[in-house]
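Colleague: I am still learning to read protein models. Could you take one strand and walk me slowly through its surroundings?

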Amino acid sequence: MKAAVLREVTKVYKTKGGDVVALDRVSLSVERGEVVVLMGPSGSGKTTLLNIVSTLDRPTSGEVYILDRDVTHMGERELEKFRLRNVGFLFQTFNLVPYLTAEQNVALPLVALGVRRELAYMRARLLLEMVGLGGVGGLYPSQLSGGMQQRVAFARAMAADPPLLILDEPTSNVDVDNASLLLSLIAAVNKTMRTTIFIATHDPDVTAIANRLIYIRGGRLREGEEPPRRELSIDVERVASIYEKLKLLHELG
Ligand SMILES: Nc1ncnc2c1ncn2[C@@H]1O[C@H](COP(=O)(O)OP(=O)(O)OP(=O)(O)O)[C@@H](O)[C@H]1O
Ligand SMILES: [Mg+2]
């Protein structure tokens, strides 16, 4: 099974100033369990590509297959169900629900999937603890810093153990320690669950966890223009404890 196949995907935005070609005939094939890191200048099409892979947006032309399903021709209702079950995403702008607490935000995808309330909240609390936010479950997004909101949004993306995890600049608002915590967590999720992960980033440290590093410029994938990879020392003890919690979470679900 392929995690994602894009064939000649083009995305054109119609604006007052004319057409903007955000993606220009992008083809890509990603195996299950790969960690794909997308880098490239601002406005190069990273978020557009992630939106299409996550099925939140449709291409102007071309074909998209996610987990072997043809999502280009799927109806809106079916697509919504498919997404809920299979895709977790962390938006560049977080998109937390302002009138729900951190814990309720994280539990949201689980509740939507029909997971028992107590279990959903138990998982939400564990996930928050995992991202270093054990104490803030009862707070609302407006009461959290940008970096805290980002970690809540990350926990929400992971909540339902989706086979496909899409992370748009997951480390853009956090400090160095939390960035390395998030990277350890992403590596751990990938190892334990064989989750396929797409990450758009400007942060060179993220290259350390990439199986596949893709450079994009002007809406086109540029082979051979990838930036050099970073080495990252991952705190083994911390990852081990994260592993244990992830397994526990998986078994609970
Ligand atoms: N909804 C939209 N309407 C019109 N143009 C858009 C829209 N979304 C994106 N664009 C345009 O598409 C191009 C690609 O944008 P995109 O958001 O994918 O870039 P990006 O690589 O994610 O940038 P950044 O690193 O700043 O997040 C840009 O020229 C942008 O202006
Ligand atoms: Mg972007």
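Modeller: Happy to; here is a close look at strand β3 and its partners, followed by a separate sheet. This is a predicted model, in which local features need pLDDT of at least 70 and side-chain atom pairs count only at pLDDT 80 or more, while totals for chains, interfaces and linings use all residues. Residues are numbered from 1 along each chain as its sequence is written, and chains are lettered from A and ligands numbered from 1 in the order in which they are written.

Let us begin with β3, which covers residues 35–39. Helices (H or I, at least four residues) and strands (E, at least two) are DSSP runs, numbered from the N terminus. In β3, 5 of its 5 residues are buried; buried means that 20 or more other C-beta atoms lie within 10 Å of a residue's own, exposed means 12 or fewer, and partly exposed is in between, with C-beta atoms placed from the backbone. In a regular strand, side chains alternate between the two faces of the sheet. Here Val 35, Val 37 and Met 39 point one way, and Val 36 and Leu 38 the other way.

Now for the neighbours. Two strands pair if DSSP finds at least two bridges between them. β3 pairs in the parallel sense with β8 (residues 196–200) over 4 bridges, and Val 36 stands opposite Phe 198 there. β3 also runs parallel to β9 (residues 212–217), joined by 4 bridges, with Leu 38 opposite Ile 214.

Elsewhere, 4 strands form an open, antiparallel sheet in the order β2-β1-β4-β5. Its edge strands, β2 (18–31) and β5 (69–70), each pair on one side only.
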